[in-house]
Amino acid sequence: MDTAQNNQDTFFKRLEEHHQELSMKQMRLAEYLKANYKTAVFLNCVPLGKNAGVSEATVIRLAQTLGYSGFTEMINHIKSFVQDKMTVSEKFDGYEKSTMQHSPYDVILDTNLHLLKTLPRHISSEQVSNVVFKMMKANKVIVCAFEGLAGLGEFLVYHLRAVGCKAELVTEKSGRLFDFYNDFQEGTCVIDIDFAPYAKNQLKITELFAKKGAEFCIITDSPRSPLAKYGSDVIYIPFVRNLIDLNIERYPVVLAVFEVMVFQYAYCNSEKTKETLKSISEYNKVFDVLEFEKEQE
C-alpha cells in the first residue's frame, strides 16, 4: 500500500499511532493486513488469523488495541476504505475466492453466529428497554421502513400488533404518506429503520415527522447515518460489511433486536397482550385463518 493511502486512511493511521503498543503477534497480523488488505476484508475472524499465522484472540486484541470495539468494527472500517477502490467484479472475485474453501452456508452462518454472540458488546439491554418504554408511553407507534427494509418493518408491526401495541407501517408503497403526516398526533413514537444507502423519501417523511414533534427511536448502521440526529434513542446494528452490496447481512441481528422488543413489550403489558391474543384466537375461530399443529392421537 502506498504512502498516500496510508496517510489518508484512519485504520492505517491507527496502526502507526499504536505501533509501539503492539505485541509481536499483533505486529505480524498488522503487516499481513497492510500487505493483503484487499483480500483480507473478505475473511472472517478465524480464517484471517489463520492466514496471518496468529490466533483468533490476537485478531480481537489487535482491534481493541487500535481503539475498535472488536473485529467487526475494525474490518468494516477497512472495508469502507476498500469499497471505493475496487470494481464490482473485483469485489465479487474476492468474495468468491474467500469462500472457495467453504460453502456460502458455512461462511454466512459463521458470520451471523459471530455477530449474534458479540451483540451485547454493541447493544445493551438498557438501550432496547429505553425503546420499549418509549413505545409503551406512546399513543401510537409508526414504523418507517422503506425499500428493501419494508419487509422487516412489516414483520415488526405484525408482531407488535399481536401483543397489543397500536402500530402502523409507513413505506414507499403506503400510497398515503401525506395522510400519515397530516394525521400525525402528539404522543406518537416513530421507529425509523434504515441503513446505507439511505432511502431519500424516508428521510423526507422523517424530517416532516420531526417538525410535528415526533419522539424517535432510530435503528441504523452508523453515527454518520442521516437518521441518527433525530433520535434520543439510537440503536446501531453491527454487521460485517458485504462488499458485493447485497444489503442483507444486517437482517439476523435486526430480527434478534425485534424479537427482544416484542417480547419485552409483551411482558411489560401482560394484560393487554393476553386480551389481544384472546381476540386473535376468537377471530381465528370465526374466519379460520390459521391452522395449528394437531396433537398426535
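**Figure 1. Met136 and its distant partners in the chain.** Welcome to the first close-up, which starts at Met136, a residue of helix α10, the helix that spans residues 125–137. The model shown in this and the following views is predicted. Is Met136 buried, exposed or partly exposed? With a relative accessible area of 30%, Met136 is partly exposed, because that value falls between the 20% limit for buried and the 50% limit for exposed. Once neighbours within four places in sequence are set aside, Met136 is in contact with Tyr265, Cys268 and Asn269. Tyr265 sits 129 residues away from Met136 along the chain, and yet the two C-alpha atoms are separated by 7.4 Å.

**Figure 2. Asn112 in helix α8.** Here we turn to Asn112, which belongs to helix α8, made up of residues 104–117. The relative accessible area of Asn112 is 17%, so Asn112 counts as buried, the cut-off being under 20%. Which residues does Asn112 touch, leaving aside its neighbours within four places in sequence? They are Glu249 and Pro252.

**Figure 3. The five-stranded sheet.** This view takes in an open sheet with parallel pairing, its strands following one another in the order β2-β1-β3-β4-β5. Why is one side of β2 and of β5 left without a neighbour in the sheet? Both β2 (167–170) and β5 (233–236) stand at the edges and have a single partner strand each, so one side of each has no neighbour there. On average, neighbouring strands of this sheet are turned by 15° against each other, direction ignored. As a general reminder, strands of a sheet pair through backbone hydrogen bonds, in either a parallel or an antiparallel fashion. A closer look at one pair shows β4 (residues 215–220) running parallel to β5, with four bridges joining the two. One residue to pick out is Cys217, whose bridge partner in β5 is Asp233.

**Figure 4. Helices packed on the sheet.** Helix α10 lies across β1 (140–144), β3 (188–193), β4 and β5, and runs at about 135° to β5. Helix α11, residues 150–162, also packs on the sheet, where it touches β1, β2 and β3. The direction of α11 makes about 170° with that of β2.

**Figure 5. Where helices α4 and α5 meet.** A pair of packed helices is described by the angle between their axes and the distance between the axes. For α4 (residues 45–52) and α5 (residues 56–65), the angle is about 100° and the axes are 8 Å apart. That makes α4 roughly perpendicular to α5. On the α4 side, the contact is made by Cys45, Val46, Leu48 and Gly49, and on the α5 side by Glu56, Val59 and Ile60. By type, these residues divide into five nonpolar, one polar and one charged.

**Figure 6. Two backbone details in loops.** Most residues other than glycine have a negative phi, and most peptide bonds are trans. With that in mind, which peptide bond is cis, with omega near -5°? It is the bond from Ala196 to Pro197, and Pro197 is placed in the loop between β3 and α13 (200–211). The second detail concerns Glu147, which is not a glycine but has a positive phi of about 55°. Glu147 is found in the loop between β1 and α11.

Technical notes: Residues numbered from 1 in each chain as written. Predicted model: local features only at pLDDT ≥ 70, side-chain atom pairs only at ≥ 80, totals over all residues. Heavy atoms only, no water. Buried < 20%, exposed > 50% of the residue type's maximum accessible area, 1.4 Å probe, protein only. Contact = heavy atoms within 4.5 Å. Pairing = 2+ DSSP bridges. Axes fitted to C-alpha atoms, helices over the stretch in contact; angles between N-to-C directions. Parallel < 35°, antiparallel > 145°, perpendicular 65-115°, else oblique. Nonpolar A, V, L, I, M, F, W, Y, C, P; charged D, E, K, R; others polar.
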